[in-house]
Amino acid sequence: MRKNHSRIPIAVGHYAELAVPWAMLATIPLVWVPELPAWVLGLGFMPMYVAMALHWASHRGKLCAPCMASLPLQGPELAERWRRGLRTLHWVGDHPLQGILLACAAMMVTGLFMAPAGVSLFFVLCAISTLWAMRHARVMPWCHWCRRRGGGDEEESPVAPPSPTVNA
Ligand SMILES: [Zn+2]
Ligand SMILES: [Zn+2]
């Protein structure tokens, strides 16, 4: 009974996910305002938190009904289109230390020139990471880099089924 008590929150939560990275980016102009009161900055983060909360409320780490409906239709195509980003995401996942060091170095260098630029870069990197983590979650069954890892060291696996089956 609890699962389907209302359709609107699920749809809203599903699309709220798309708003999270953009809500994060939308806070960037605030860090450029000199002597901005902290509470205004806090308010600026509200849309991001609301979008995250809505998304979590309807998904709770799983796929919701609209997710399920869109996956088999777009999955393979999107995985192909997003190939480069997915590869970068996997690289960062495999080399977290290097990824963090690179990000910190970029933020420090940018921050040396202009402090708000360093902070802005931080938000940009967070937004990009969030966006790609979400995209990856959507196309994981078709992710070339996940399959490569799951299937052993090489792509060819003799026992692989001829066609992937996805059970709901
Ligand atoms: Zn969804
Ligand atoms: Zn993957």
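**Entry 1. Helices 7 and 8**

I started with helix 7 and helix 8, which are roughly antiparallel to each other. I note at once that this is a predicted model. Helix 7 covers residues 96-113 and helix 8 covers residues 115-139. Their axes lie 5 Å apart and the packing angle is about 150°. That angle is over 145, so I call the pair roughly antiparallel.

Next I asked which residues make the contact between helix 7 and helix 8. From helix 7 I listed A103, A106, M107, M108, T110, G111 and F113. From helix 8 I listed A115, A117, G118, L121, F122 and L125.

**Entry 2. Helix 8 alone, then with helix 6**

I checked the length of helix 8. It has 25 residues, and at 1.5 Å a residue these should span 36 Å. The end C-alpha atoms of helix 8 are 37 Å apart, which agrees. I also looked up burial along helix 8: S120, A127 and V139 are buried.

Then I turned to helix 6, residues 83-94. How do the axes of helix 6 and helix 8 cross? They cross at roughly 105° and come within 10 Å. Helix 6 is therefore roughly perpendicular to helix 8. I found G85, L86 and L89 of helix 6 meeting W132, A133, R135 and H136 of helix 8.

**Entry 3. Overall make-up**

I stepped back to the whole chain. The protein has nine helices and zero strands. Read from the N terminus, the elements go α-α-α-α-α-α-α-α-α. I looked up burial for the protein: of its 168 residues, 13% are buried. I also looked up how far apart in sequence the contacts reach. Among contacts with a separation of 6 or more, 73% join residues 24 or more positions apart.

**Entry 4. Cores**

Which residues make up the largest nonpolar core? I counted eight: A16, V20, A23, M24, M48, A51, L54 and A127. Two elements give two or more residues to this core, helix 1 (7-26) and helix 4 (46-59). Helix 1 gives the most, with four residues. A127 of this core is one of the buried residues of helix 8.

I followed one core member, L54, further. Beyond its neighbours within four places in sequence, L54 is in contact with V12, G13 and A16. Apart from the largest core lies another, of six residues. Its members include A79, L89, W142 and C143. I had already met L89 in helix 6, at the contact with helix 8.

**Entry 5. Helix 4**

I tested helix 4 for length too. Its 14 residues should span 20 Å at 1.5 Å a residue. The end C-alpha atoms are 20 Å apart, which agrees.

Which residues of helix 4 are buried? I have M48, A51, L54, H55 and S58. These buried residues cover an arc of only 135° around the axis, so they sit on the same side of helix 4. On the other side of helix 4 I found M46, Y49 and A53 exposed. M48, A51 and L54 also appear in the largest nonpolar core.

I then checked what comes after helix 4. R60 follows it, with a positive phi near 50°.

**Entry 6. Single residues**

Where is E35 found? E35 is in the loop between helix 2 (28-31) and helix 3 (38-44). Its phi is positive, near 55°, in a residue other than glycine. Is E35 buried or exposed? E35 counts as exposed because it has 4 C-beta neighbours inside 10 Å.

F45 is in another loop, between helix 3 and helix 4. I found 14 C-beta neighbours inside 10 Å of F45, so this residue counts as partly exposed. The C-alpha atoms of F45 and M24 are separated by 7.3 Å. Along the chain F45 and M24 are 21 residues apart. M24 is a member of the largest nonpolar core.

Last, I looked up Q74, which has its place in helix 5 (residues 65-81). Q74 has 13 other C-beta atoms within 10 Å, so Q74 is partly exposed. How many residues separate Q74 from V139 in sequence? The answer is 65, with the C-alpha atoms 8.4 Å apart in space. V139 is buried, in helix 8.

Notes: Residues are numbered from 1 along each chain as its sequence is written. Chains are lettered from A and ligands numbered from 1 in the order in which they are written. This is a predicted model: local features need pLDDT of at least 70, side-chain atom pairs count only at pLDDT 80 or more; totals for chains, interfaces and linings use all residues. A nonpolar core is a set of buried Ala, Val, Leu, Ile, Met, Phe, Trp, Tyr and Cys residues joined through C-beta atoms within 7 Å. A residue is buried if 20 or more other C-beta atoms lie within 10 Å of its own, exposed if 12 or fewer, and partly exposed in between; C-beta atoms are placed from the backbone. Two residues are in contact if their C-beta atoms, placed from the backbone, lie within 7 Å. The expected span of a helix is 1.5 Å times one less than its number of residues. The arc is that of the directions from the helix axis to the C-beta atoms. Axes are lines fitted to C-alpha atoms, for helices over the stretch in contact, and angles run from 0 to 180 degrees between N-to-C directions. Angles under 35 degrees count as roughly parallel, over 145 as roughly antiparallel, 65 to 115 as roughly perpendicular and the rest as oblique.
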